[in-house]
Amino acid sequence: MFRPYSIYEGTYLVKLARKAVDTFLTTGRVEIPNDPPPKLLGDNYGVFTTIETIHGEKYELRGCIGYPEGYRNTLYATIYSAIGACCQDPRFPAMKREELGSVIFEISILSPLTYVEADPRKLPEVVQVGRHGLVVKRGPYSGLLLPQVAVEECWSPEEFLIHTCIKAWLSGDCWLDRKTKLYIYEAQIFRERAPGGEVYERDLVAEAARCSQETRPGNVT
């Protein structure tokens, strides 16, 4: 299981993302901290920042931007992905500073991408919901979905493959075509429990197991 960071380092990254957004929305500047944990300067993992707005007990995506294969180092990738998520996601208008009290920050640290060499018909047996994130590439088109998306949507591996193809602006069955390249990766995910509050590490395997129980025949979903 891919877990390069301690809860201390994960908490630092989430708080760094929130502070980077606060500073950028207040001053328009990007500030780099002087004394980060050394490991964050030496590693060069992919990083995504996800920002969600709280509506009662529900969460609504507010922005998600990142670097699938790293940007300088984990520290820089966190800062710039956070600013991207708040102000550069083309699906949403730029955030305003007053929103910070009602949004949750989540940081996903991505393992290196692994190309899957398998018969396309067997790909649903390779993809593990709760463990893998997906990237599909074909010609100029590419799409990425984080592993938590499949868990939150209670998708099967086949549904996960279909939606990743759609994310790449390809047909939902593009994964069955040998011209399409599929990559898998893992992610370590740190998330706030409340805006600016305690940070915890998500256990997607456990979340996926609960999802499976809730969707068994006879259960209310």
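# Reading pockets, sheets and loops

Tutor: Start with the second largest pocket. Strand 8 (187-192) and helix 7 (204-214) each supply at least two residues of its lining. One caution before we go on: this is a predicted model.

Student: Which element gives the most to the lining of the second largest pocket?

Tutor: Strand 8 does, with 3 residues. The second largest pocket is lined by 15 residues. Nearest its centre lie Met1, Glu201, Arg202, Asp203 and Leu204. By class, the lining divides into 7 nonpolar, 2 polar and 6 charged residues.

Student: How is such a space found at all?

Tutor: A probe the size of a water molecule is rolled over the atoms, and this shows where empty space is left. Here, the second largest pocket has a volume of about 240 Å³.

Student: What is the volume of the largest pocket?

Tutor: The largest pocket has a volume of about 810 Å³. Its lining has 29 residues, and the closest to the centre are Cys64, Arg91, Leu144, Leu145 and Lys167. Several elements give two or more residues to this lining: strand 1 (46-55), strand 2 (58-67), strand 5, strand 6, helix 5 (147-153) and helix 6.

Student: How many residues of each class are in the lining of the largest pocket?

Tutor: Count 15 nonpolar, 5 polar and 9 charged.

Student: Now the sheets. What is the order of the strands in the open sheet of 5 strands?

Tutor: The order is 2-1-3-8-9, and the pairing is antiparallel. Look at the ends of that list. Strand 2 and strand 9 (199-201) are the edge strands, since each pairs on one side only. From one strand to the next, the twist averages 20°.

Student: How many bridges pair strand 1 and strand 2?

Tutor: There are 9 bridges, in the antiparallel sense. Take one position: threonine 49 stands opposite isoleucine 65 in strand 2. Keep a general rule in mind as you trace a strand. In a regular strand the side chains alternate between the two faces of the sheet.

Student: Which helices lie across these strands?

Tutor: Helix 1 (residues 7-27) lies across strand 3 (103-110), strand 8 and strand 9. Helix 1 runs at about 125° to strand 3. Helix 3 (residues 74-87) lies across strand 1, strand 2 and strand 3. The angle of helix 3 to strand 1 is about 40°.

Student: On to strand 5. How many bridges join strand 5 to strand 7?

Tutor: 5 bridges join strand 5 (residues 133-138) to strand 7 (residues 181-185), and the two run antiparallel. Glycine 133 has tyrosine 185 as its bridge partner in strand 7. Strand 5 also pairs with strand 6 (residues 141-145), again antiparallel, over 5 bridges. There, arginine 138 stands opposite tyrosine 141.

Student: What do strand 5 and strand 6 form?

Tutor: They form a hairpin, with 2 residues between them. Check the turn: glycine 139 has a positive phi of about 55°.

Student: Does strand 7 have another partner, and which strand is joined to strand 7 by 2 bridges?

Tutor: Strand 4 (residues 114-115) is, and the two run antiparallel. Tyrosine 115 stands opposite tyrosine 183 in strand 7.

Student: Why is strand 7 called largely enclosed?

Tutor: Count its buried residues. 4 of the 5 residues of strand 7 are buried, so the rest of the structure largely encloses this strand.

Student: Is threonine 164 buried or exposed?

Tutor: Buried means under 20% relative accessible area. Threonine 164 has 0% relative accessibility, so it counts as buried. Threonine 164 sits in helix 6 (residues 157-167). Leaving out residues up to four places away in sequence, threonine 164 touches Leu134, Val135, Val136, Gly143 and Leu145.

Student: Which residue in the loop between helix 5 and helix 6 should I look at?

Tutor: Try cysteine 154, which lies in that loop. Its phi is near 55°, a positive value in a residue other than glycine. At 33% relative accessibility, cysteine 154 counts as partly exposed.

Student: And what is the phi of tryptophan 169?

Tutor: Near 65°, a positive value, and again the residue is not glycine. Tryptophan 169 is in the loop between helix 6 and strand 7. With a relative accessible area of 75%, tryptophan 169 is exposed.

Key
Residues numbered from 1 in each chain as written. Predicted model: local features only at pLDDT ≥ 70, side-chain atom pairs only at ≥ 80, totals over all residues. Heavy atoms only, no water. Buried < 20%, exposed > 50% of the residue type's maximum accessible area, 1.4 Å probe, protein only. Contact = heavy atoms within 4.5 Å. Pairing = 2+ DSSP bridges. 1 Å grid on protein atoms, 1.4 Å probe; cavity = no way out; pocket = protein on both sides within 12 Å on 5 of 7 lines; lining within 4 Å. Points joined across faces, edges and corners; volume = space filled by probe spheres on them. Nonpolar A, V, L, I, M, F, W, Y, C, P; charged D, E, K, R; others polar. Axes fitted to C-alpha atoms, helices over the stretch in contact; angles between N-to-C directions.
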